[in-house]
Amino acid sequence: MNETAKTQETCYHCGLPIPPESHYWVTIDGTPRRMCCAGCEAVANAIVAAGLTNYYRHRDAMPEPVREALPDVLKTLETFDAPELVEQLSRPASPHEREVSLILEGITCAACVWLNEQHLRRQKGVTHVEINYATRRALVRWNPDETSLSRILQAVAEIGYRAYPFDPQTSEAVAQRERRAMLWRVFVAGFASMQVMMYLVPTYLAGDGEMDPSYRQLFYWASFLLTLPVMFYSCGPFYRNAWRDLKQRRIGMDVPVALGLLIAFGASVFGMLTGYADVYFDSVSMFAFFLLTGRYFEMAARQRAVRGLDELARALPAVAERWNAETQTFEVVPAVRLTAGDRIRVKPGEVFPADGVMVEGESDAIEAILTGESRPVPKRVGDEVIGGSVNGSGVVVVEVTHVGEASRLASIRRLVERAQSERPRIASEADRLAGRFVGTVLALAVATALFWAWWAPEKIVPTVVAVLIVACPCALALATPAAVTAATDALLRRGVLVTRGHVLETAARMTDCIFDKTGTLTEGEPALRSVRLLDPARCDETQALALAVALEAGSNHPIARALRRAVPADVETKQRHAVVALRHETGGGLSASIGGRQVALGRPAWVEATLGIAPLSSYAQEWADGQTSETVVALADEAGWLALFFLEDRLRPEAPKVISRFVQAGVTPHLYSGDRAPAVAAVAQAVGIADAEGDLLPETKHERLLALRAQGAVVGMVGDGVNDAPVLAAADVGIAMGSGADLTRHHADVILVRDSLWGVWLLYRQAKRTLAIIRQNLRWSFGYNLVAIPLAMAGWVTPWLAGIGMAVSSLLVVLNALRLQRLPVDPEQGV
């Protein structure tokens with residue numbers, strides 16, 4: 001059978017039969033050759049691109065089929081497009097976008113991050129990509145109408161990396177696989193370096209003519225054989241990463257390392273074969289050992305830094321006891337099968353598998369994983385429970401409200417992932433410097449080679465190798481992401497949820513902080529102290545409260561809750577009113593048609609303007625103005641004023657201490673509130689704020705903030721109400737109380753999950769520490785390189801010593817960043 005017929009039947013690369021549906025071809029030496037699969041096509045293309053087509057002329061056996069060598073993930077990519085799997089692994093980001101968190105394997109430096117980001121951003125349908133170098137996590141957003149999750153995973157695989165949708169089991173499996181592989185590489189390099197040193201030490205100690213040349217050659221060959229597994233197994237990732245970077249026309253951080261290894265090894269082989277040069281097998285193996293050891297500890301530290309996020313993901317149990325209406329019993333089902341409306345039983349010590357409302361029993365919940373607070377929180381019928389918290393003392397039944405990606409735990413995890421994926425300005429600058437730094441190192445290595453070729457040719461190899469190896473761009477690239485990851489993890493454990501990557505850098509420069517009053521400086525749960533009737537003939541106290549509750553029925557505002565608590569349930573049921581055309585104005589109040597008349601509830605001035613009625617009488621105005629520490633809410637209809645409600649809110653006990661800390665730190669506090677000016681002034685005096693204004697509309701608050709920023713101030717804003725959302729969005733750092741409105745939390749850069757003002761101070765203090773440690777890391781990285789590189793160029797640093805320096809430099813940066821995981825204990829905070 002001729003060759004043409006043969007190639008039509010079998011794969012030209014591996015020799016296996018070609019499936020009829022195969023459409024893979026590669027042009028080899030000008031002739032199209034048919035391949036059986038994408039794996040053989042990819043390998044054949046690589047052989048052709050490398051100019052190694054002679055392989056096909058001289059081979060005497062077929063290679064192993066490469067389709068079996070493809071990563072398992074590539075064989076099952078299409079399964080990730082199943083609708084139920086897409087729904088489980090990703091979440092909606094907008095009406096036309098979905099978002100997924102991916103674990104990336106093979107990331108070794110900032111260049112890898114850059115390569116993956118650029119490659120994915122060029123894919124059709126991908127709208128957003130952020131990758132965190134420290135966590136090896138990617139946040140990818142795509143349009144399902146234009147691309148698919150499997151196509152995104154395939155795009156990552158095309159450039160030599162592997163991606164998996166994030167889940168705690170996969171994440172831990174990948175981490176274990178990375179540690180195991182790295183330990184084996186370290187072991188091989190360490191064992192070989194000891195043996196190589198044992199063989200070469202006699203050649204160093206022997207004087208001229210003291211050692212027989214045959215013995216010297218024997219020692220060289222033994223060292224060569226022992227160095228081979230170090231070069232081609234232990235150091236394999238360096239070459240793969242360097243080759244991948246060069247194919248993408250980018251100089252990554254492993255390029256100088258790979259060059260240094262190959263130059264030293266090649267020169268040693270040349271010296272061994274010719275006898276005209278020294279050998280450096282010991283330096284090669286020792287450098288590989290020290291560098292791999294450093295990277296192992298760096299990897300372990302990095303995995304430790306992201307453990308808090310993984311703990312969030314692993315918090316939910318695998319199974320739950322769900323009520324079966326048909327059998328009238330509780331049955332054990334996988335937790336992923338729970339849906340809203342299911343009723344589940346949770347026993348003492350078990351973890352709540354989903355968000356829900358307690359419908360039977362009494363207990364307490366430990367919410368430490370979410371708020372950092374270890375003390376149990378009492379739970380009664382009607383109270384909300386959070387998935388991931390631990391049931392305390394009683395058996396309870398809970399009706400599920402949110403599961404999976406809709407749960408509060410998943411929301412927190414997504415926000416943390418987003419914060420850790422976003423890159424602060426200082427991190428972007430460090431990445432750019434690191435990229436330029438590698439090119440500079442290569443230029444210096446060339447200059448060093450030229451100088452020593454003229455001055456002392458015998459020193460070219462060790463000196464150039466030392467220059468390539470001693471430089472440490474990895475420390476530059478790690479300086480910021482390692483610190484940010486450790487800091488956000490520590491804050492999360494204290495109940496401070498950072499949702500944006502710029503927060504720590506910006507909060508450290510904060511000069512002014514604006515506080516809202518109700519729910520921020522006060523506890524946000526006012527109580528109705530008294531009711532003043534303004535027209536008793538038309539409306540008694542019970543009727544006034546019933547009208548107010550009817551208007552506030554759908555609101556979760558603290559004032560609405562206070563009014564509802566003041567009305568007995570039987571009274572509210574008997575006097576329930578039908579509300580028509582309800583209108584809510586942020587910062588003003590509510591109005592609607594009730595029983596054929598227009599009724600309004602809110603700030604007296606707003607109610608007056610809305611209904612077009614006469615101002616309050618002089619005695620009523622005196623009542624309102626005389627209540628300096630209370631909130632006054634007015635009720636009226638189109639015929640006139642009906643009642644004034646006086647509500648009192650307690651000051652948060654920590655508020656004066658927190659404000660005092662900020663003043664001492666040089667941060668100016670401001671109190672801007674829509675509440676009555678006398679009440680605002682009383683709170684400001686109690687906590688020690690000099691600049692306080694009341695009766696402000698949201699637009700006016702926004703103007704005050706913009707005025708501060710126009711003066712060059714870096715402004716933080718702390719609030720909890722819907723009316724605070726625009727101001728939070730405009731602030732340099734928006735901080736929402738955990739008990740605040742959903743809209744407020746959506747616009748916030750930071751959420752105080754524990755709902756304590758100490759979180760604001762903790763954020764500021766941790767931000768200051770983080771910025772200081774980032775600067776320490778960058779100073780160390782620059783200082784180390786400024787000293788080490790000239791010493792190496794001068795020939796005063798051996799290659800193995802350069803390896804120690806590079807490994808220790810990266811490790812010190814990571815260990816210094818890990819100090820941020822330990823927050824100093826503050827007795828006043830009770831943490």
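Which residue just after α27 takes a positive phi? Gly688 does, at about 95°. The model is predicted, and this report starts at that helix.

**Helix α27 and its surroundings**

Helix α27 spans residues 677-687. Its buried residues are Ala679, Val680, Val683, Ala684 and Val687. They cover an arc of only 135° around the axis, which puts them on the same side of α27. An α-helix has 3.6 residues a turn, so residues three or four places apart point the same way. The buried residues of α27 pack against two helices, α20 (517-521) and α26 (655-664). They also pack against strands β25 (668-672) and β26 (691-693).

**Membrane annotation**

The unreviewed UniProt entry carries the annotation "transmembrane region" for residues 186-206, 218-239, 251-273, 279-297, 433-454, 460-484 and 778-794. Two of these spans can be set against the model. Residues 218-239 are 95% helix and 0% strand, with end C-alpha atoms 29 Å apart. Residues 778-794 are 94% helix and 0% strand, and their end C-alpha atoms lie 24 Å apart.

**Nonpolar cores**

The largest nonpolar core has 50 residues. Those with the most contacts inside it are Cys235, Phe238, Val257, Leu261, Phe281 and Val470. Leaving aside neighbours within four places in sequence, Phe238 is in contact with Asp254, Val257, Ala258, Leu261, Leu291, Leu292 and Arg295. Apart from this core lies another, of 49 residues. Among its members are Ala684, Val750, Leu752 and Trp761. Ala684 is also one of the buried residues of α27.

**Strands and sheet**

Strands β3 (residues 90-94) and β4 (residues 97-105) pair in the antiparallel sense over four bridges. They form a hairpin with two residues between them. Ser94 has Glu97 of β4 as its bridge partner.

An open sheet of six strands runs in the order β9-β8-β10-β16-β11-β14, with antiparallel pairing. β9 (329-334) and β14 (384-385) stand at the edges, each with a single partner strand, so one side of each is left without a neighbour in the sheet. Inside the order, β11 (residues 355-360) and β16 (residues 396-402) pair over five bridges. Met358 has Val398 of β16 as its bridge partner.

**Salt bridges**

Side chains of opposite charge can pair when their charged atoms come close. The whole structure holds 16 salt bridges. Three of them are listed here.

| Acidic residue | Basic residue | Closest N to O distance |
|---|---|---|
| Glu321 | Arg345 | 2.6 Å |
| Asp637 | Arg597 | 2.8 Å |
| Glu693 | Arg704 | 2.9 Å |

Take the Glu321 and Arg345 pair. Glu321 lies in β8 (residues 319-324) and Arg345 in β10 (residues 343-346), so the pair ties together parts that are 24 residues apart in sequence. Glu321 counts as buried, at 12% relative accessibility. Arg345 is partly exposed, at 27%.

Next come Asp637 and Arg597. Asp637 lies in β23 (residues 631-637) and Arg597 in β22 (residues 597-602), so the pair ties together parts that are 40 residues apart in sequence. Asp637 is buried, with a relative accessible area of 2%. Arg597 is partly exposed, at 26%. Both residues belong to a network of salt bridges that links Asp535, Arg538, Arg597 and Asp637.

The last pair is Glu693 and Arg704. Glu693 is in strand β26 and Arg704 in helix α28 (residues 698-710), eleven residues apart. Glu693 counts as partly exposed, at 24% relative accessibility. Arg704 counts as partly exposed too, at 27%. Strand β26 is also one of the elements against which the buried residues of α27 pack.

Terms used
Residues numbered from 1 in each chain as written. Predicted model: local features only at pLDDT ≥ 70, side-chain atom pairs only at ≥ 80, totals over all residues. Heavy atoms only, no water. UniProt positions renumbered as here; feature names shortened; annotations may be inferred. Buried < 20%, exposed > 50% of the residue type's maximum accessible area, 1.4 Å probe, protein only. Arc of directions from axis to C-beta. Contact = heavy atoms within 4.5 Å. Pairing = 2+ DSSP bridges. Core = buried A, V, L, I, M, F, W, Y, C linked by side-chain atoms within 4.5 Å. Salt bridge = Lys/Arg side-chain N within 4 Å of Asp/Glu carboxyl O.
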